[in-house]
Amino acid sequence: MAHDILIVDDEADIRALIAGILEDEGHNTREAANSDEALEGIRARRPNLVIQDIWLQGSRLDGLEVLDAVKRDHPEVPVVMISGHGNIETAVQAIKQGAYDFIEKPFKADRLLLVVERAIEAARLRRENEELKLRSGSAGELVGGALGIMQVRQAIDKVAPTNSRVLITGPAGSGKEIVARQIHARSRRAEGPFVVLNCAAMHPDRMEMELFGTEHGLDGLDSPRKIGTFEQAHGGTLLLDEVADMPLETQGKIVRVLQDQMFERVGGGKRVEVDVRVIASTNRDLQSEMNAGHFREDLFYRLNVVPVKMPALRDRREDIPVLARHFMTLAAAAAGVQPRLVGEDALAALQAYDWPGNVRQLRNVMDWLLIMAPGDAREPIRADMLPGEIGAITPAVLRWDKSSEIMTLPLREARELFEREYLLAQVNRFAGNISRTAAFVGMERSALHRKLKLLGVNTDEKK
């Protein structure tokens, strides 16, 4: 693939020499003789790579100052510094300021090409890594300010620096893996691996092989040794996702590993010693599982050193607007398009929905809306554009399909119909919380209560 490379040097013959070497390899080159030309060239079209001389005679900025400007405005663009008067201090300073590498003149063509190839490849890998983070939500953020999420954040802050085991509970799709990743990222093991084993997706007969690995020859004379997840996580963190699905026999072996930090590979007799922090997660009630004989009590108490509970999305409805906008932004960035605005009527409908699939379902809905919502991309998404399962429970005032009915009514009855539908929508939006509904619509709580009763809106009153 031909890459666009900007060559910045005050000597025309050096620029021509570098350009010739690179163009012989199929790259496209541009040249700049001073800092102003270099910055203008970058503004005109962002290059894949900049080759920058440190000493620019007669230039407004020297090479290190140009480097600073490039890394400030385009941190993803790699910069290779070159100089005929280089020394160790200069090279170290350039690397500290963000240069990919430093080459001293005169240089060999092979050396130049190798550095160019590695710099472009490193930039590509960083870009792909960022794209993967966008698609997956990255190590993840806990978005929102609801009380339940604030409590989870506080628990993460306290437990992350320790080596304690953590048991994360909560419904499917609520963000348990994000919590585990944040604990790892803020721990002293952050530079080590983070390994996930999904116990629910693993066949029981394969569980121990995945956890502990296998020795040479287990599946035939020439079968290689397989490294299990415990060994892969050495020096880091292992997440046992949906741990309630682990077979009872394996649970007993996990207890011993947690105690000794040692195990034997399947088919082997040599003991392997590891240093692993274990975090477990589940969407089940482990107390009920223990009572039914499906989960070992000794394993529960070893895992449940620090319990963290993730709330369901329906219990943090006030976070839905900020979550919806956050996921829309992520979806648009991954697709390379502009995010769509979400109208207030659509947000109110989203808040009124119960979200059986929790945060994961909301993210999927925002992905769907970015692609499938009708209308111009510059128009806000309305409540009537939402998927069917949400639209079916959306109060009529948000879809406003009663326009024909309201036009047949006298003003007083039409006003009452509108007030009833409007207040019903707001009560649903705040999950029946009269105090919060009153604050939002600008009424005294007692006055709202009387109005609802007058309009025949029955709610299970929540303070």
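This passage walks through a predicted model of a protein, from its overall make-up to its cores, its aromatic rings and a few single residues.

To start with the big picture, the protein has 463 residues, and 47% of them count as buried. Its secondary structure comes to 21 helices and 12 strands. When contacts with a separation of 6 or more are looked at, 69% of them turn out to involve residues 24 or more positions apart. As for confidence, the average pLDDT is 86, with 90% of the residues scoring at least 70. That confidence peaks in strand S6 (residues 166-169), at a mean of 98, and it is lowest in helix H17 (residues 396-399), where the mean is 49. Where pLDDT is low, the predicted coordinates should not be read in detail.

Next come the nonpolar cores. The largest one holds 30 residues, and the members that touch the most others are Leu211, Phe230, Leu240, Met246, Ile254, Phe295 and Leu303. Quite a few elements chip in with at least two residues each: strands S7 (194-198), S8 (237-241) and S11 (277-282), together with helices H8 (207-212), H10 (248-260), H11 (286-291) and H12 (297-303). H10 gives the most, with 4 residues. What does Leu240 touch, once its neighbours within four places in sequence are left aside? Its contacts are Leu197, Cys199, Leu211, Met246, Val278, Ile279, Ala280 and Ser281. There is also a second core, separate from this one, made of 29 residues; among them are Ile320, Leu323, Phe327 and Leu362.

Now for the aromatic rings. A pair of rings is described by how far apart the centres are and by the angle between the planes. The structure holds 5 such pairs. In one of them, the ring centres of Phe230 and Phe263 lie 6.1 Å apart and the planes meet at 45°, so this pair is tilted. The two residues sit in distant parts of the chain, 33 residues apart: Phe230 belongs to helix H9 (residues 229-232) and Phe263 to strand S9 (residues 262-264). Both Phe230 and Phe263 are buried. Another pair, Phe300 and Tyr301, has its centres 5.1 Å apart and its planes at 75°, so it counts as edge-to-face. Are these two residues buried or exposed? Phe300 is buried, because its relative accessibility is 12%, whereas Tyr301 is exposed, with a relative accessible area of 52%. Phe230 and Phe263 also turn up together with Phe212 in one aromatic cluster.

Helix H20 (residues 434-441) is a handy place to see how a helix can face its surroundings. Its buried residues are Ile434, Thr437 and Ala438. Around the helix axis they cover an arc of only 100°, so they lie on the same side of H20. Helices H19 (411-429) and H21 (445-455) are included in what covers these buried residues. At the N-terminal end of H20, Asn433 acts as a cap, with a side-chain oxygen placed 3.2 Å from the backbone nitrogen of Ser435. Just after the helix, Gly442 takes a positive phi of about 80°.

Two single residues round things off, starting with Thr90. This residue lies in helix H4 (residues 88-96). Thr90 counts as buried because its relative accessible area is 12%, under the 20% cut-off. Leaving out residues up to four places away in sequence, Thr90 touches Ile54 and Phe102. Thr90 and Phe102 are 12 residues apart along the chain, and their C-alpha atoms are separated by 9.0 Å.

The other one is Gly98, found in the loop between H4 and strand S5 (101-104). With a relative accessible area of 27%, Gly98 is partly exposed. Which residues does Gly98 touch, not counting those up to four places away in sequence? They are Leu67 and Lys71. In sequence, Gly98 and Lys71 are 27 residues apart, while from C-alpha to C-alpha they are 6.8 Å apart in space.

Methods: Residues are numbered from 1 along each chain as its sequence is written. Side-chain values use heavy atoms; hydrogens and water are left out. Rings of Phe, Tyr and Trp (its six-membered ring) pair if their centres lie within 6.5 Å; planes under 30 degrees apart count as stacked, over 60 as edge-to-face and the rest as tilted. Buried means under 20% relative accessible area, exposed over 50%, partly exposed in between (1.4 Å probe, protein chains only). A nonpolar core is a set of buried Ala, Val, Leu, Ile, Met, Phe, Trp, Tyr and Cys residues joined through side-chain atoms within 4.5 Å. Contact means heavy atoms within 4.5 Å. The arc is that of the directions from the helix axis to the C-beta atoms. A polar contact is a pair of N or O atoms within 3.5 Å; within protein, one must be able to donate a hydrogen and the other to accept it, and residues adjacent in sequence count only if both atoms are side-chain atoms. pLDDT is the predictor's confidence in each residue, from 0 to 100.
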